[in-house]
Amino acid sequence: MNGIEGKVAIVTGAGRGIGQAVALGLAEQGALIVANDLDQEPLNETLSQIEAMGGKGVGLAASVGDANIGTRLADLAVSSFGDVHLVFTAAGYTWDGMIHRMTDDQWQAIIDIHLTGTFRVVRDAFNVMRDNAKAAMDRGETPVARHIVTVSSQSGFGNLGQANYAAAKAGIVGLTRTVALEGAMFNVVANSVAYGAIDTRLTRARESQEERHGQAVLGIPKSRRDEMVGDLPMKRVGTVEEAAGPVIFLCSDQSNYVSGALLEINGASHIS
Ligand SMILES: NC(=O)c1ccc[n+]([C@@H]2O[C@H](COP(=O)([O-])OP(=O)(O)OC[C@H]3O[C@@H](n4cnc5c(N)ncnc54)[C@H](O)[C@@H]3O)[C@@H](O)[C@H]2O)c1
């Protein structure tokens, strides 16, 4: 019993990659999933997989850049399953460029999706969490543990060609540590995960894929990627399952006293 069964989980970016692996991992543990993605088709695929494993999920295809995304997701969670207990914010993409060539649009798009999108989703979920925790406290009960996990990155410590993304991912850590303090008395814990290189379309060789997000071409040029993988202590990138496992732990009752932490998930590549 890890406390996840029956909990209601909002997962953004749940159509692909790490968000999908977390949505499926939480559903496997019995969580009720409110899945979001920008793209309807991959979102449907995640929901079908949840259904196939006997789980329950509902979906909202929308951008985390929408001003009302947080309330829409929180309302969907409450109308479908009655509460919000878990949040994982994976939605996002990269749009790289060296700072001397980075446009205002390029900067703003990444700040909007990663930092402001995370803020809105967390704020509006937190409102429901706090209200329901207060109601339990008013009844003289200890509120059930609720968990927020946000997604930072090793790039949040600085990375070539990613001034926009690094700033957003560093900002997410400050946001999350603040929520950890504000949630503590309501039994809401908040932590961030900072991934190194995980095998998704964001880190595959650019020449081997046609993945785009608007004007941004996703992936890493092959020669740079080969060099990067060669420099990794494990000589390989992580799998999405390896990215999701620690998040499942951070959503479980085993981590009810872990809050304000930044868990680096990178196969030791932060040590050099
Ligand atoms: N893959 C890595 O190595 C790595 C490393 C560090 C951090 N991250 C972070 O992990 C998270 C997940 O990335 P991933 O690697 O699984 O990528 P991915 O592209 O496989 O999955 C991201 C999902 O987010 C969705 N998305 C993009 N913009 C969105 C928007 N505006 N609104 C809603 N959904 C949107 C995409 O459609 C996609 O399904 C991202 O925040 C990314 O920055 C990834």
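Five elements each give at least two residues to the shell around the ligand, namely α1 (17-28), β2 (32-37), α4 (104-138), β5 (146-153) and α5 (163-183), where helices (H or I, at least four residues) and strands (E, at least two) are DSSP runs numbered from the N terminus. Before going on, I should say that this is a predicted model, in which local features need pLDDT of at least 70 and side-chain atom pairs count only at pLDDT 80 or more, while totals for chains, interfaces and linings use all residues. Residues are numbered from 1 along each chain as its sequence is written, and side-chain values use heavy atoms, with hydrogens and water left out.

Let me stay with the ligand for a moment. There are 30 residues around the ligand, and those that come nearest are D37, Y165, I198, T200 and R201; a residue is near a molecule or strand if one of its heavy atoms lies within 4 Å of it. By class, the shell holds 13 nonpolar, twelve polar and five charged residues, with Ala, Val, Leu, Ile, Met, Phe, Trp, Tyr, Cys and Pro counted as nonpolar, Asp, Glu, Lys and Arg as charged, and the others, Gly among them, as polar.

As for polar contacts, the term covers a pair of N or O atoms within 3.5 Å; within protein, one must be able to donate a hydrogen and the other to accept it, and residues adjacent in sequence count only if both atoms are side-chain atoms. A polar side-chain atom of R16 is 2.8 Å from an oxygen atom of the ligand, a polar backbone atom of I18 is likewise 2.8 Å from a ligand oxygen, and for I198 a backbone N or O atom lies 2.7 Å from an oxygen atom of the ligand. Of the 820 Å² of accessible area that the ligand has on its own, the protein covers 98%, the areas coming from the Shrake-Rupley method with a 1.4 Å probe, and for residues only the protein chains shown count as cover.

Which element supplies the largest share of the shell around the ligand? That is β5, with three residues, and I would like to follow this strand outwards. Eight of the eight residues of β5 are buried, buried meaning under 20% relative accessible area, exposed over 50% and partly exposed in between (1.4 Å probe, protein chains only). On one side these are R146, I148, T150 and S152, and on the other H147, V149, V151 and S153, so that both faces are covered by the definition just given.

On pairing, which requires that DSSP finds at least two bridges between two strands, β5 runs parallel to strand β4 (residues 86-89) over four bridges, and V87 stands opposite I148 in β5. The chain passes from β4 through α4 to β5 in a right-handed β-α-β crossover, that is, with the strands pointing away from the viewer, the path from the first strand over the helix to the second runs clockwise. Strand β6 (residues 188-195) also pairs with β5 in the parallel sense, over eight bridges, with S153 opposite Y195 in β6, and the crossover from β5 through α5 to β6 is again right-handed.

Within β5, R146 has a relative accessible area of 2%, and a polar atom of its side chain lies 3.0 Å from the backbone oxygen of V84.

Finally, a backbone detail: N187, in the loop between α5 and β6, has a positive phi near 65° in a residue other than glycine, and N187 is partly exposed at 24% relative accessibility.
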